[in-house]
Amino acid sequence: MGKVAEKLNVFQTLLPESVTLVAVSKTKPNEDIMEAYSAGHLDFGENKVQEMVAKAEELPGDIRWHMIGHLQRNKVKQVLPHVHLIHGVDSMRLLKEIQKQAAKLDLKAHVLLQMHIAKEETKYGLDEEELEAILETNPAEKFPNVVFRGMMAMATFTEDQDRIRKEFSYLKNLFEAKAVEFSKGQWNTLSMGMSNDFATAVEEGSTMVRIGSAIFGERNYS
Ligand SMILES: *Cc1c(COP(=O)(O)O)cnc(C)c1O
């Protein structure tokens, strides 16, 4: 068994069955993805539209591609035919564009609302006010081609696990509080946890973790 498959195995035994593992393959070559795929893994995460589309066109059609990065509105059209779940819906404008393009393609776009839970100013995500604004539109009517599956967030990048835990706990509460308003029975996904904080995320109720470097090794951006 190769290194990637070995690491995947470790995670599969570590994680509860109720938690979906998204293997974050951004910057990694197709060979690494195929090693995981051959070991039975189907969920992969990418953060750049061009890279995801290129990989989707070359690799097996039953792979479930997760768009985990910031999505620009002018790329929605390109990504929709290939994507299984969009994790980073962080504005009303993006949501409107997803609705528009999904209607044109006559498909349902499955999305997670990305919430801002970290202290850093730079991280993307909705605040509660923006979330309320989406709810006030009556999303089921306004966005008939969008399936709201749940929420996603990134915690503050810190060693302080207490702070991370508080942020995840806040997200979990928000996710549950909004279940009734969004639910058409498919509001069931809470995407939180990465290589450095997945254990805390799972303890706080994550149903989907996004693990990159702990499976594929450190990324080289050069
Ligand atoms: C890159 C990335 C991950 C994976 O990060 P690792 O620390 O390598 O596990 C998870 N989520 C998002 C949104 C990312 O961009």
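A pocket, on a 1 Å grid over the protein atoms alone, is an open set of points with protein on both sides within 12 Å along at least five of seven lines. This is a predicted model, in which local features need pLDDT of at least 70 and side-chain atom pairs count only at pLDDT 80 or more, while totals for chains, interfaces and linings use all residues. Residues are numbered from 1 along each chain as its sequence is written, and side-chain values use heavy atoms, with hydrogens and water left out.

**View 1. The ligand in its pocket.** The ligand takes up the space of the largest pocket; a molecule sits in a pocket if more than half of its atoms lie within 2 Å of its grid points. Around it you'll find Val24, Lys26, Ile68, Met152, Met154 and Met194, along with Ser195, Arg210, Ile211, Gly212, Ser213 and Arg219, where being near takes a heavy atom within 4 Å. By type, that shell splits into 6 nonpolar, 3 polar and 3 charged residues. Here Ala, Val, Leu, Ile, Met, Phe, Trp, Tyr, Cys and Pro count as nonpolar, Asp, Glu, Lys and Arg as charged, and the others, Gly among them, as polar.

**View 2. Polar side chains at the ligand.** Ser195 puts a polar side-chain atom 2.5 Å from a ligand oxygen. Arg219 also has a ligand oxygen as its partner, with a polar side-chain atom 2.8 Å away. For Arg210, the partner is a nitrogen atom of the ligand, again 2.8 Å from a polar side-chain atom. As for cover, the ligand on its own has 390 Å² of accessible area, and the protein covers 90% of that (Shrake-Rupley method, 1.4 Å probe; for residues, only the protein chains shown count as cover).

**View 3. Thr156 and His66, two residues with polar contacts.** Thr156 sits in the loop between strand S6 (146-152) and helix H8 (161-177); helices (H or I, at least four residues) and strands (E, at least two) are DSSP runs, numbered from the N terminus. Its relative accessibility is 5%, so Thr156 counts as buried. The cut-offs are under 20% relative accessible area for buried and over 50% for exposed, with partly exposed in between (1.4 Å probe, protein chains only). The Thr156 side chain reaches the backbone nitrogen of Lys119 at 3.0 Å. His66, in strand S3 (residues 64-67), is buried too, at 0% relative accessibility. Its side chain makes a polar contact of 2.7 Å with the side chain of Asp43. A polar contact is a pair of N or O atoms within 3.5 Å; within protein, one must be able to donate a hydrogen and the other to accept it, and residues adjacent in sequence count only if both atoms are side-chain atoms.

**View 4. Two loop residues with positive phi.** Most residues other than glycine have a negative phi. Thr27, not a glycine, nonetheless has a positive phi of about 70°. Look for Thr27 in the loop between S1 and helix H2 (30-38), where it is partly exposed at 33% relative accessibility. Asn138 has a positive phi as well, about 60°, and is not a glycine either. Its spot is the loop between helix H6 (128-136) and helix H7 (139-142), and its relative accessible area of 36% makes it partly exposed.

**View 5. Strand S4 at Gly88 and Val89.** Gly88 is in strand S4, and so is Val89, with the strand running over residues 83-89. Gly88 is buried at 0% relative accessible area, and Val89 is buried at 0% as well. From C-alpha to C-alpha, Gly88 is 5.7 Å from His70, 18 residues away along the chain. Val89 and Gly69 are 20 residues apart in sequence, with their C-alpha atoms 9.4 Å apart.

**View 6. Ser18, an exposed loop residue.** Ser18 belongs to the loop between helix H1 (3-14) and strand S1 (20-24). With a relative accessible area of 57%, Ser18 is exposed. Its C-alpha atom is 9.0 Å from that of Ser206, although 188 residues separate the pair along the chain.

Note on methods. 1 Å grid on protein atoms, 1.4 Å probe; cavity = no way out; pocket = protein on both sides within 12 Å on 5 of 7 lines; lining within 4 Å.
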